[in-house]
Amino acid sequence: MNVLVTGGAGYIGSHTVRMLEKAGHRAIVYDDLSKGHRAAVKNSVFVQGSLFDSRLLAETIRRHAIDAVIHFAAFSCVGESMEKPQEYYHNNVEGSLNLFEAMVAEGVGTLVFSSTAAVYGEPETTPITEDMAKNPTNVYGRTKLAVETALAEQYSRVYGLKYITLRYFNACGADAAGDIGEDHDPETHLVPLILQACLGKRSGIKIFGTDYSTPDGTCIRDYIHVNDLAAAHLLALDALAGGHRSDVYNLGNGQGFSVQEVIDAAEAVSGRSVRRELAGPRAGDPAVLIAGAAKIRRELGWKPEYTDMKDIIGTAWRWHLAHPDGYGDKREDLGCRN
Ligand SMILES: NC(=O)c1ccc[n+]([C@@H]2O[C@H](COP(=O)([O-])OP(=O)(O)OC[C@H]3O[C@@H](n4cnc5c(N)ncnc54)[C@H](O)[C@@H]3O)[C@@H](O)[C@H]2O)c1
């Protein structure tokens, strides 16, 4: 298949592109590099373009005879989304609708869409299943839910677009080759923050909340290896190509690790110790968020390869150790804070 990958120069996108190519697909990366890295795209076709450039989108779809789209491109910092809601609604919602319009106009009817566990907000129970209430507590989650709704109510129902939405929990790790990995600026995700502390690039790690009703008092989250995530996109594409109905799936390991456990694992893998700074809980941070991922296992046959936190962190550590400054193309204009 010829697959247009929006946001393919980003963290999850670049890993998915590699897996698509390995599986014999042709990936065409479409990214404006607002947050991504040119160096993360190794051998695939790269088109530097924005979701808002309708002409370039149409031209790219036609030139490369695109069969399907995987849509990663978005802004995804929770804290920043609260400070700059307009930018998030514009980029994530309007940008997505613009892409879907181009797909419809050019006759591309297959889509895999990156959504997030943030659409659920604070769940009443865990594991979280797809049918639970969606009450996002931040603008980022609301932009993703808005796109999910538009897909179901407009593009699927009216235009017949076939889609699979994947709601990711916490992506982490890196490809075992060690040449692509996570490089957000500024970084807001726990695993890279801890590993940067292991490298001495941060003075330590702040633990928000130590009095939760969890075994060690710190928050528990579901961490999924980026290549397990990538693999789910290939399964979703295959399923849609085989006539699967449009649907939504959670994507997580189905098991939780506390903040302390993640730090312990990073210390064991790196052989370095991390200073732990205990701080109060952050507003709206639930004690436990774990994916109910039975549906994607059952219906698409997905199964994570990485279930051990040390194995996941081992791949990330390899990337960070070899690339302490990430891709080495830091920009001044990024202002993502959590
Ligand atoms: N990383 C996670 O843990 C996580 C969890 C849940 C959901 N997600 C979602 O997965 C997707 C990928 O996440 P990531 O961590 O790889 O993010 P990322 O920031 O590394 O990648 C996003 C890419 O999209 C590009 N982009 C953004 N706006 C664009 C636009 N208007 N036009 C063209 N390109 C644009 C950026 O340059 C970047 O390369 C996002 O949609 C995110 O919301 C990520």
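Me: How much space lies in the second largest pocket, and what makes a pocket differ from a cavity?
Reply: The second largest pocket holds about 190 Å³ of space. On a 1 Å grid over the protein atoms alone, a pocket is an open set with protein on both sides within 12 Å along at least five of seven lines, whereas a cavity is a set of points where a 1.4 Å probe fits but cannot get out. A volume is the space filled by probe spheres set on the points, which are joined across faces, edges and corners. The model is predicted: local features need pLDDT of at least 70, side-chain atom pairs count only at pLDDT 80 or more, and totals for chains, interfaces and linings use all residues. Residues are numbered from 1 along each chain as its sequence is written, and side-chain values use heavy atoms, with hydrogens and water left out.

Me: What lines the second largest pocket?
Reply: Its lining has 16 residues (each with an atom within 4 Å of a point). Asp183, His184, Gln196, Pro324 and Lys330 lie nearest its centre. By class, three are nonpolar, five polar and eight charged. The nonpolar class is Ala, Val, Leu, Ile, Met, Phe, Trp, Tyr, Cys and Pro; Asp, Glu, Lys and Arg are charged; the others, Gly among them, are polar.

Me: How many cavities of 30 Å³ or more are there, and what lines the largest cavity?
Reply: The count is one. The largest cavity has about 40 Å³ of space. Its lining includes Cys172, Gly181, Trp319 and His320. Helix α10 (309-322) gives the most, with three residues. The lining splits into six nonpolar, three polar and one charged.

Me: Why is Thr60 called buried or exposed?
Reply: Its relative accessibility is 5%, so Thr60 is buried. The scale: buried is under 20% relative accessible area, exposed is over 50%, partly exposed is in between (1.4 Å probe, protein chains only). Thr60 sits in helix α2 (residues 54-63). Helices (H or I, at least four residues) and strands (E, at least two) are DSSP runs, numbered from the N terminus. Thr60 touches Leu4, Ile28, Tyr30, Val47 and Ile66 (heavy atoms within 4.5 Å), not counting residues up to four places away in sequence.

Me: How do you know what span helix α1 should have?
Reply: The expected span is 1.5 Å times one less than the number of residues. The 12 residues of α1 (residues 11-22) should therefore span 16 Å, and the end C-alpha atoms are 17 Å apart, which agrees. Nine of the 12 residues are buried. Among the elements those residues pack against are β1 (2-6), β2 (26-31) and α7 (226-241).

Me: What makes Arg276 and Asp264 a salt bridge?
Reply: The closest N and O atoms of Arg276 and Asp264 are 2.7 Å apart. The cut-off is a side-chain nitrogen of Lys or Arg within 4 Å of a carboxyl oxygen of Asp or Glu, so the pair qualifies. Arg276 lies in strand β12 (residues 276-279) and Asp264 in helix α8 (residues 259-270), so the pair ties together parts 12 residues apart in sequence. Arg276 is partly exposed at 26%, and Asp264 is partly exposed at 40%.

Me: Which class does each partner of the Lys84 and Glu80 salt bridge fall in?
Reply: Lys84 is partly exposed at 26% relative accessibility. Glu80, at 3%, is buried. Their closest N and O atoms are 3.7 Å apart.
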